[in-house]
Amino acid sequence: MKRLADGELLGYCLKKPGAWQDEPWDGDVVAKVGPKIFAFLGAGSVGLKCGANREEADELVNAYPDDVGTMAYIGRSGWNTVRLGGAVPDDEILELVDASYETVVAKLPKRQRPPAGN
């Protein structure tokens, strides 16, 4: 069974309205909407906003303890690292990307939000 690859995930992220690729730190690719990151794209993993707080994000960690972990530095705010090719199904990873994007867009000032349906 073919699994989701890093490049495919980046492509999926960049198809979101207003999404763009950035490299704020040398060698670290992220997907942003407006000025905010919604996905940290690493080699074989993705960092996503998985809950409004640590308790919500821990539900995913508890469901997939070998493949999902708390992100360093921003994990307390509900960010997790999800390993690609592990126990988390690809369709669930894509749903997590969608949710992270929607969460970040909802917190943007209205003038920075992308037009719906682009």
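**Note on the predicted model: pockets, hairpins and overall form**

1. The largest pocket holds about 230 Å³ of space. This volume, like every value below, comes from a predicted model. The lining of the largest pocket comprises 13 residues, and those nearest the pocket centre are Lys36, Ile37, Trp79, Val104 and Lys107. By class, this lining consists of eight nonpolar, two polar and three charged residues. Two elements, β3 (36-42) and α3 (90-107), each contribute at least two residues to the lining of the largest pocket.

2. The second largest pocket has a volume of about 190 Å³. Its lining includes Trp25, Asp28, Val29 and Val30, together with Phe40, Leu41 and Gly42. Ser45, Val46, Gly47, Met71 and Thr81 also line the second largest pocket. The strands β2 (28-33), β3 and β4 (45-49) each give two or more residues to this lining. Seven of the lining residues are nonpolar, four are polar and one is charged. Strand β3 thus appears in the account of both pockets, as a contributor to the largest pocket and to the second largest pocket.

3. On the overall arrangement, the protein contains three helices and six strands. Along the sequence these elements follow the order α-β-β-β-β-α-β-β-α. Taken along the principal axes, the C-alpha atoms fill a box of roughly 40 × 30 × 30 Å. The radius of gyration is 14 Å, which agrees with the value near 13 Å for a compact globule of 118 residues. Buried residues account for 42% of the 118 residues. Of the contacts with a separation of 6 or more, 52% join residues 24 or more positions apart.

4. The first hairpin to consider is that of β1 and β2. Strand β1 (residues 19-25) pairs with β2 in the antiparallel sense, over five bridges. Within this pairing, Ala19 stands opposite Val33 of β2. Two residues lie between the strands of the hairpin, and Gly27 in the turn has a positive phi of about 85°.

5. Strand β2 is also paired with β3, again in the antiparallel sense and over five bridges. Two bridge partnerships illustrate the register: Lys32 is partnered by Ile37 in β3, and Ala31 is partnered by Ala39 in β3. These two strands form a hairpin with two residues between them, and Gly34 in the turn has a positive phi of about 60°. Ile37 therefore deserves attention on two counts, as the bridge partner of Lys32 and as one of the residues nearest the centre of the largest pocket.

6. The next pairing carries the chain from β3 to β4. These strands run antiparallel and are joined by four bridges. Ala39 has Leu48 as its bridge partner in β4, in addition to its partnership with Ala31. In the hairpin of β3 and β4, two residues separate the strands and Gly44 takes a positive phi near 80°. Strand β3 is mostly covered, with five of its seven residues buried. Each of the hairpins described here has a glycine with a positive phi: Gly27, Gly34 and Gly44.

7. Which backbone value at Tyr73 calls for comment? Tyr73 has a positive phi of about 75° although it is not a glycine. Most residues other than glycine have a negative phi. Tyr73 is placed in the loop between β5 (68-70) and β6 (79-83). Its relative accessibility is 75%, so Tyr73 counts as exposed, the cut-off being over 50%. A reader inspecting the model may wish to view this loop with the phi value of Tyr73 in mind.

8. Is Glu92 buried, partly exposed or exposed? Glu92 lies in helix α3, an element that also supplies at least two residues of the lining of the largest pocket. Its relative accessibility is 22%; Glu92 therefore counts as partly exposed, because buried would require under 20%. Leaving aside residues up to four places away in sequence, Glu92 touches Leu60 and Tyr64.

Conventions
Residues are numbered from 1 along each chain as its sequence is written. This is a predicted model: local features need pLDDT of at least 70, side-chain atom pairs count only at pLDDT 80 or more; totals for chains, interfaces and linings use all residues. Side-chain values use heavy atoms; hydrogens and water are left out. On a 1 Å grid over the protein atoms alone, a cavity is a set of points where a 1.4 Å probe fits but cannot get out, and a pocket is an open set with protein on both sides within 12 Å along at least five of seven lines; lining residues have an atom within 4 Å of a point. Grid points are joined across faces, edges and corners, and a volume is the space filled by probe spheres set on the points. Ala, Val, Leu, Ile, Met, Phe, Trp, Tyr, Cys and Pro count as nonpolar, Asp, Glu, Lys and Arg as charged, and the others, Gly among them, as polar. Two strands pair if DSSP finds at least two bridges between them. Buried means under 20% relative accessible area, exposed over 50%, partly exposed in between (1.4 Å probe, protein chains only). The radius of gyration is taken over C-alpha atoms; the globule rule is 2.2 Å times the number of residues to the power 0.38. Contact means heavy atoms within 4.5 Å.
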